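Let's take a walk through this chain, from the overall layout down to a few individual side chains. Keep the viewer open and follow along.

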Amino acid sequence: MIEAVPDRLDGSPRQLRRFWSDEFKATEVEQACQPGVNVSAIARQIGILPSQLYRWRRELSGSDELGQAAATVDPQSVVSDPVVEIIIGNIVVRVGRHVDEAHMQRVIRAVRSA
C-alpha cells in the first residue's frame with residue numbers, strides 16, 4: 001500500500017508569514033506620504049500589496065486621533081489644495097499642484113487626440 005502525503009495542504013499559504021519592524025514600516029509609510037509618490041510602486045519595491053502599505057499608514061497614524069482631529073476642525077477653516085482646470089472641447093482636466101509637468105502634457109495630448 002502506497003500512502004501519498006502532500007507537501008502543503010490546499011489553501012495553505014505558499015510562503016511563511018513575514019514580519020516587519022516598526023522602524024521599517026515607519027520609513028516606508030513616510031516615503032509613501034511624500035507628495036507625488038506612487039504608493040503602488042513603493043509597495044512593489046518592498047514586495048507587498050499596496051493595501052498593506054495603506055494599512056500600515058492607518059495603523060501608524062492612529063485612527064482614533066484622526067477621528068478626533070476631524071471632529072474639532074471647522075470646515076470653513078480648511079483650505080483645499082489649489083486645482084487648475086483645463087477645458088479641452090467638452091472635457092475638463094483637473095490638475096493639482098503636485099502633478100508632474102511631463103505627465104500633464106501626456107494627458108493633454110491624449111485628450112486632444114481623442
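One cut-off will help before we start: a residue counts as buried when its relative accessible area is under 20%, as exposed when that area is over 50%, and as partly exposed in between. What you are looking at is a predicted model, so every value here is computed from predicted coordinates.

Start with the layout. The chain has 5 helices and 2 strands, and reading from the N terminus the order of elements is α-α-α-α-β-β-α. Of the 114 residues in the chain, 14% are buried. As for how the chain meets itself, take the contacts with a separation of 6 or more: 34% of them join residues 24 or more positions apart.

Now go to the aromatic residues, where that burial cut-off comes into play. A pair of aromatic rings is described by the distance of the centres and the angle of the planes. The model has 3 aromatic pairs. One of them is W20 with F24, a stacked pair with 4.9 Å centre to centre and 15 degrees between the planes. F24 also pairs with W56, this time edge-to-face, at 6.4 Å centre to centre and 80 degrees between the planes. That second pair links distant parts of the chain: F24 sits in helix α1 (residues 22-32) and W56 in helix α3, 32 residues apart. Put together, W20, F24 and W56 make one aromatic cluster.

Is W56 buried or exposed? With a relative accessible area of 1%, W56 falls under the 20% cut-off, so it counts as buried. Its cluster mates come out otherwise: W20 has a relative accessible area of 27%, so it is partly exposed, and F24, at 27% relative accessibility, is partly exposed because that value lies between the two cut-offs.

Stay in helix α1 for a moment, since E28 is there as well. Despite its charged class, E28 counts as buried, because its relative accessibility is 11%. Which residues does E28 touch, leaving aside its neighbours within four places in sequence? The contacts are I42, I46, L53 and W56, so the buried tryptophan of the cluster turns up again here, because W56 is the one at 1%.

Two of the cluster members also lead to the largest pocket, which has a volume of about 300 Å³. Its lining includes W20 and W56, along with R17, R18, F19, K25, I48, L49, Q52, R55 and E59. Helix α3 (residues 50-61) gives the most to this lining, with 4 residues. Sorted by class, the lining holds 5 nonpolar, 1 polar and 5 charged residues.

From there, move along to the strands. Strand β1 (residues 83-88) and strand β2 (residues 91-96) run antiparallel and are joined by 6 bridges. Within this pairing, I87 stands opposite V92 in β2, and I88 has I91 as its bridge partner. The hairpin has 2 residues between the strands, and G89 takes a positive phi near 65 degrees there.

I88, in strand β1, is worth a second look. At 16% relative accessibility it is under the 20% cut-off, so I88 counts as buried. What does I88 touch, not counting residues up to four places away in sequence? I88 is in contact with I108, V111 and R112. For I88 and I108, the C-alpha atoms are 8.3 Å apart in space, with their positions 20 residues apart in sequence.

Finish at R97, found in the loop between β2 and α5 (101-113). R97 is exposed, because its relative accessible area of 56% is over the 50% cut-off. Its C-alpha atom is separated by 6.7 Å from that of V83, and the two residues are 14 residues apart along the chain.

Conventions: Residues numbered from 1 in each chain as written. Predicted model: local features only at pLDDT ≥ 70, side-chain atom pairs only at ≥ 80, totals over all residues. Heavy atoms only, no water. Pairing = 2+ DSSP bridges. 1 Å grid on protein atoms, 1.4 Å probe; cavity = no way out; pocket = protein on both sides within 12 Å on 5 of 7 lines; lining within 4 Å. Points joined across faces, edges and corners; volume = space filled by probe spheres on them. Phe/Tyr/Trp six-rings, centres within 6.5 Å; stacked < 30°, edge-to-face > 60°. Buried < 20%, exposed > 50% of the residue type's maximum accessible area, 1.4 Å probe, protein only. Contact = heavy atoms within 4.5 Å.
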